[in-house]
Amino acid sequence: KTFSEERPVYWRETAAGHGRLAYFLGNTFGTVYRFSLAALHFAAVYFVMSDPIIDFDRVFLIVLATFCTVYGQACFLSMIVRREDGPLLAVVASLAVAVANGYINTLPMFLKRLCYSFWASEASYSENTLPFRDTFQVQDISAPLWGYVLDRFGFDMGIILVIGVVYRAAAFGLMIALHRDKQR
């Protein structure tokens, strides 16, 4: 569910004199339970099916931070397209960001680092390769090949969340700036 479905309600509430920021924050915080449960479900199924090396809490945090940012991206995109096109564009954009993560080796590194999926992959890679660092020369060969810096899980999670906050702040700015005539 994207914010574009809520725009007519937002316009009505704003025209009635209610606060724009309060409405946006209420709508944003209202989605926390949805993406938290979705992340828990996805992480649990992933954990059972793949039997990863890392603990469940790390898997859940990676998935939760990514879901939070994907919802922010969907919120941003839903502000600039028609109501019917918002959900589809959000799915396509999240898939494009996942592909830009590292599967396109010709993509410059600074563009990869703008993608939340790069940071999620770096966190997952760092945690999953921890037991094998001496055996497979992860630190010297494979991590630099992908542009990863190891052992900074908290930093990676922080960057993912910052990207999500930037998406939401841009969405709020667009929400206020677009369709001003309907907000009076």
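In this predicted model, Arg168 touches Phe24, Thr28, Phe35, Cys68, Tyr71 and Gly72, leaving aside residues up to four places away in sequence. Arg168 belongs to helix H10, which spans residues 153-177. With a relative accessible area of 12%, Arg168 is buried, because the cut-off for that class is under 20%. One of its partners deserves a second look: the side chain of Arg168 reaches the backbone oxygen of Cys68 at 3.1 Å.

Helix H9 comes next. Within this helix, residues 138-146, the buried positions are Val138, Ser142 and Ala143. These three cover an arc of only 95° around the axis, so they sit on the same side of H9. Cover for the buried residues of H9 comes from elements including helix H7 (116-128) and helix H8 (133-136). On the face turned away from the buried side, H9 carries the exposed residues Asp140, Ile141 and Leu145. After H9 comes Gly147, and the phi of Gly147 is positive, near 85°.

Helix H7 appears again in the description of the largest pocket, where H7 is among the elements giving two or more residues to the lining. The others that do so are helix H3 (32-50), helix H4 (56-78) and helix H5 (86-100). The volume of this largest pocket is about 420 Å³. Its lining is made up of 18 residues, and those nearest the centre of the pocket are Phe42, Ile62, Val63, Thr66 and Ala120. By residue class, the lining of the largest pocket holds twelve nonpolar and six polar residues, with no charged ones.

Conventions
Residues numbered from 1 in each chain as written. Predicted model: local features only at pLDDT ≥ 70, side-chain atom pairs only at ≥ 80, totals over all residues. Heavy atoms only, no water. Buried < 20%, exposed > 50% of the residue type's maximum accessible area, 1.4 Å probe, protein only. Helix = DSSP H or I, 4+ residues; strand = E, 2+ residues; numbered from the N terminus. Arc of directions from axis to C-beta. Contact = heavy atoms within 4.5 Å. Polar contact = N/O pair within 3.5 Å; in protein donor to acceptor, adjacent residues only side chain to side chain. 1 Å grid on protein atoms, 1.4 Å probe; cavity = no way out; pocket = protein on both sides within 12 Å on 5 of 7 lines; lining within 4 Å. Points joined across faces, edges and corners; volume = space filled by probe spheres on them. Nonpolar A, V, L, I, M, F, W, Y, C, P; charged D, E, K, R; others polar.
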